[in-house]
Amino acid sequence: MTDAAILHSCADGIARVTLNRPDRLNSFTAKMHEELRDALGMVRADASARVLLLTGAGRGFCAGQDLSDRAVAPGDAPVDLGASIEANYRPLVLALRSLPMPVVCAVNGVAAGAGANIALACDIVVAARSASFIQAFCKIGLIPDSGGTFFLPRLVGTARAMGLAMLGDKLSAQQAADWGLIWKCVDDADLASTVDALLVQLAQAPTRGLVATRRALHAASGATLEAQLDLERDLQRELGFSADYREGVGAFLAKRPPQFTGR
Ligand code: T3D
């Protein structure tokens, strides 16, 4: 038994971080935020980590903010949600988007509120068929946070983003995949093996190239074609000096599998 709200391990180039408050559907408390911050800091500093898996323990992925921490007694001042976002959710999303390795999210169950949008902040999202995505914010008078208003229209278009955000309907994992919100939906029994295969593939991939790919794709929606071409040129120049590029070309010409090191 452990009272850790976050589980963290790293082996064979694969870092794993698990949200671990299953009886509360892994909803966020201040303690969980603190432990997650520490875990992501360790992953970032671990030169052996080539890919990160983020997932949840139990039947849910994450139900967003723990609302029992938001109950206000009559006469008490309400919690400053802006301060909470500034201290916790904003840095979390930015940390996930800037890790020097690809981030896979295995959505093992319901992802609601900030939980849904933290999943969307990851690079590759695979969901179990029984999982769902709920922009639950509208049911408590809030807006989608943790990047929701940024990710949703970019991923599914404004009409669907508006419907999801204003209605708070449960979007099935299959529908999320069909709409392009996530990479894929797989049968529950296949989630672990599908994700493990992805993790092995990504742990052996040319990490710097993947991180630069993420950077370029994220830059694209706000860039002109000229600016994007400039960025591609600059990133390609950097990668052209990398050990992995040299290895990739050498392996291709020698007709052997490449041995990338992430450098
Ligand atoms: O506050 C700030 O800092 C600003 C940032 C806000 C970010 C946010 O995420 S706001 C949105 C917060 N989240 C929600 O509004 C979602 C609330 N949860 C639900 O709507 C439902 O639980 C789900 C749709 C996610 C799942 O429904 P279901 O029927 O599968 O499970 P359940 O029975 O509702 O939940 C299981 C238990 O987890 C239950 O406890 P119990 O009755 O067994 O003792 C439930 O109360 C608890 N739980 C689920 N979500 C939360 C939670 N407890 C606290 N906070 C939660 N968010």
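This passage goes through the helix packing of a predicted model and then its pockets and one cavity.

Helix packing comes up in three places here, starting with α1 and α2. Helix α1 covers residues 30–45 and helix α2 covers residues 81–98; their axes sit 11 Å apart and make an angle of about 20°. Angles under 35 degrees count as roughly parallel, so α1 and α2 are roughly parallel to each other. Their crossing is left-handed. On the α1 side, the contact is made by His33, Leu36, Arg37, Leu40 and Arg44, while α2 brings in Ala87, Asn88, Tyr89, Leu92, Ala95, Leu96 and Ser98. Sorted by class, that contact of α1 with α2 comes to seven nonpolar, three polar and two charged residues.

Next up is the pairing of α8 with α9. Helix α9 takes in residues 225–240, and α8 packs against it at an angle of about 170°, with the two axes 10 Å apart. Since anything over 145 degrees counts as roughly antiparallel, α8 and α9 are therefore roughly antiparallel to each other. From α8, the residues involved are Arg208, Gly209, Ala212, Arg215, Ala216, Ala219 and Ala220, and they meet Gln228, Leu231, Leu235, Glu238 and Leu239 of α9. The class split for the contact of α8 with α9 is seven nonpolar, two polar and three charged residues.

The remaining pair to look at is α4 and α5. Helix α5 runs over residues 158–167, and its axis comes within 7 Å of that of α4, the two crossing at roughly 135°. That angle makes α4 and α5 oblique to each other, because it falls in neither the parallel, the antiparallel nor the perpendicular range. The crossing of α4 and α5 is right-handed. Here Leu152, Pro153 and Val156 of α4 meet Thr158, Arg160, Ala161 and Leu164 of α5. In terms of class, the contact of α4 with α5 holds five nonpolar, one polar and one charged residues.

Now for the empty space. The largest pocket holds about 670 Å³. It is lined by 24 residues, and the closest to its centre are Arg97, Cys122, Asp123, Leu217 and His218. Three elements, β7 (124–128), α4 (148–156) and α8 (207–220), each put at least two residues into this lining. The biggest share comes from α8, which gives the most, with seven residues. So α8 turns up twice in this account: it packs against α9, and it lines the largest pocket. By class, the lining of the largest pocket divides into 16 nonpolar, four polar and four charged residues.

The second largest pocket contains about 380 Å³ of space. Of the 19 residues in its lining, Gln65, Leu67, Phe137, Ile140 and Leu142 are the closest to the centre. This time α2 gives the most to the lining, with four residues. Helix α2 is thus both the partner of α1 and a contributor to the second largest pocket. The lining of the second largest pocket has twelve nonpolar, four polar and three charged residues.

Finally, there is the closed space. Searching the whole structure turns up one cavity of 30 Å³ or more. The largest cavity has a volume of about 40 Å³. Its lining is made of Ala116, Leu120, Phe133, Gln135, Leu152, Leu164, Leu171 and Leu181. Seven of the residues in the lining are nonpolar, one is polar and none is charged. Two names in that lining have come up before: Leu152 and Leu164 line the largest cavity, and they also belong to the contact of α4 with α5, Leu152 on the α4 side and Leu164 on the α5 side.

Terms used:
Residues numbered from 1 in each chain as written. Predicted model: local features only at pLDDT ≥ 70, side-chain atom pairs only at ≥ 80, totals over all residues. Heavy atoms only, no water. Axes fitted to C-alpha atoms, helices over the stretch in contact; angles between N-to-C directions. Parallel < 35°, antiparallel > 145°, perpendicular 65-115°, else oblique. Left-handed = near helix turned anticlockwise from the far one by under 90°. Contact = heavy atoms within 4.5 Å. Nonpolar A, V, L, I, M, F, W, Y, C, P; charged D, E, K, R; others polar. 1 Å grid on protein atoms, 1.4 Å probe; cavity = no way out; pocket = protein on both sides within 12 Å on 5 of 7 lines; lining within 4 Å. Points joined across faces, edges and corners; volume = space filled by probe spheres on them.
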